[in-house]
Amino acid sequence: MPKMTPFEKLRKSRRRKRFFRRALGLLVLLTLSAAATITVAIIYQLDLRSGLENTIASMKSGPGFPVSLSEMSPQALLPMGGDVAVATSSGAYLYNSSGARLNSCLNNYRTPQFKAAGGKLLSYDLGGNGLRVDNKAKNLYSETFSGTLLAADLAGTGALAVVQTTPGASALVSAYNPRFELMYSWTVQDSYITGVSLSLRGEMMSCAGLTMEGQHIVSYLRLHHFDQDTEAAKVPLSDEVIASMVWTDAEEIQVVTDKNLYLFDSWGEQLAKVSLPNQLLTFENCPGALYIAFGDYRDPGGVTILAYDGELEKVGSATVSRRLLSLSADGDHLLALTEGELYLGDPLLRELKPRGRGDLYLVALAGNHIYGLTPDGLIWDTL
């Protein structure tokens, strides 16, 4: 084999270098393209665009507090991160901690219902057919359904569940992904559906079914996993009515009925049960914690508040001697609003301290803030 001349060796070396440079460039291009595709997919799947819009909207400067609400009829305050939604009979108004109005989510619903999760607000007309989802900046989704709406829920991921009447069946339950694309549908034939709750990641749901068997009311806890075609569980609760269902981080369901507290796993196995006391006044069901209040403030013992952890173990108690209006919790704090005083407690109720506000009639925990309604309007305070 003839030997290569120095010129041929140099030319071969240059061809080799050009090949490696081109291969490296192609590899870098493919890597950048894959990274861009993955980034777009993550943004698409996790709806990060809405989160960015929320962040920008929350930075809006405002006039401070109190914010006059004289032209509204507030019904509830819903936390939206560090901001708040004021729910009224004509829609909801969103404000930040500077007192700036971020968005007005108006409707003409006859019986408006609201749910806030993941920086979004669900509004729907119970007994009607209108539904909408908004973030802090704009409307994301509006729909007029063909059936009568019986229940709806919004997960922190943006997943949506809707229950409506449908011809030839008791109900139709539909679940949508954060882009409001249908991902699951279930036609219910054997029970009236009174409530729906999505798991925190929006991958499962529980429904509250209600039917009559002979002379007895029977509630059913009905569980569905969106990656399966069949119902995961149908748990009967005889002579009870389900009032609340909340999923935990451990993908378990805390259920409150008119008689008991329950904890179930995602396959319907009962993990814990606690009987409710007489003279139950109200409860607060939040992931990993549950609070109940009972008694008469006019009695010497006053109103008792009990705290339960995520396993339904009683972890604390406290009493108040005023008429209790509401309980609000976020997993880190508990607010007990009474007639003439607001109390702030830790999750275990080791202490429940008065805040010195006697003019509040609605309150909400939002991040490290407390929002409240007084005769002067919306107020704000830090924890």
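Colleague: Does Arg-222 count as buried or exposed?

Modeller: This is a predicted model, in which local features need pLDDT of at least 70 and side-chain atom pairs count only at pLDDT 80 or more, while totals for chains, interfaces and linings use all residues. Residues are numbered from 1 along each chain as its sequence is written, and side-chain values use heavy atoms, with hydrogens and water left out. Arg-222 lies in strand β15 (residues 216-225); helices (H or I, at least four residues) and strands (E, at least two) are DSSP runs numbered from the N terminus. Buried means under 20% relative accessible area, exposed over 50% and partly exposed in between (1.4 Å probe, protein chains only), so Arg-222, at 3% relative accessibility, counts as buried.

Colleague: Which side chain meets that of Arg-222 in a salt bridge of 2.7 Å, N to O?

Modeller: A salt bridge requires a side-chain nitrogen of Lys or Arg within 4 Å of a carboxyl oxygen of Asp or Glu. Contact means heavy atoms within 4.5 Å, and, leaving aside neighbours within four places in sequence, the contacts of Arg-222 include Trp-186, Asp-190, Met-205, Glu-231 and Lys-234. The partner counts as partly exposed at 26% relative accessibility. The side chain that meets Arg-222 in the 2.7 Å salt bridge is that of Glu-231.

Colleague: Which residues are joined into one network by salt bridges that share partners?

Modeller: The structure holds 17 salt bridges. One of them is formed by the side chains of Lys-353 and Glu-351, at 3.5 Å, N to O. Through shared partners, salt bridges make one network of Asp-190, Arg-222, Glu-231 and Lys-234.

Colleague: How many residues apart are the partners Arg-323 and Glu-339?

Modeller: These two form a salt bridge whose closest N and O atoms are 2.9 Å apart. Arg-323 is in the loop between β24 (314-320) and β25 (324-329), and Glu-339 is in the loop between β26 (334-338) and β27 (341-345). The pair thus links distant parts of the chain, and the separation is 16 residues.

Colleague: Why can the buried residues of α2 be placed on the same side of the helix?

Modeller: In helix α2 (residues 48-58), the buried residues are Ser-50, Glu-53, Asn-54 and Ala-57. The arc is taken from the directions from the helix axis to the C-beta atoms. An α-helix has 3.6 residues a turn, so residues three or four places apart point the same way. The buried residues are on the same side of α2 because they cover an arc of only 100°.

Colleague: Which exposed residues does the opposite face of α2 carry, turned away from its buried side?

Modeller: On the buried side, the cover includes β4 (101-106), β6 (120-125) and β8 (139-144). The face turned away from that side carries the exposed residues Leu-52 and Ile-56.

Colleague: Which residues make the nonpolar surface patch of about 240 Å²?

Modeller: Patches are made of residues with over 30% relative accessible area and no salt bridge, like charges being joined within 9 Å and nonpolar side chains (Val, Leu, Ile, Met, Phe, Trp, Tyr) within 5 Å. Areas come from the Shrake-Rupley method with a 1.4 Å probe, and for residues only the protein chains shown count as cover. One member lies in the loop between β16 (233-238) and β17 (242-247) and is partly exposed, with a relative accessible area of 37%. That member is Val-241, and the patch as a whole is made by Met-212, Ile-217 and Val-241.

Colleague: Which residue in the loop between β16 and β17 has a positive phi of about 60° although it is not a glycine?

Modeller: Most residues other than glycine have a negative phi, and most peptide bonds are trans. Phe-180, in the loop between β11 (169-176) and β12 (182-188), also has a positive phi, near 65°. In the loop between β16 and β17, the residue concerned is partly exposed at 32% relative accessibility, and it is Asp-239.

Colleague: Where is the cis peptide bond that has omega near 0°?

Modeller: The proline of this bond is placed in the loop between α2 and β1 (74-80). The cis bond runs from Phe-65 to Pro-66.

Colleague: What percentage of the 383 residues of the protein count as buried?

Modeller: The secondary structure comes to 2 helices and 31 strands. The protein exposes about 19200 Å², of which carbon and sulfur atoms supply 52%. The share of residues that count as buried is 47%.
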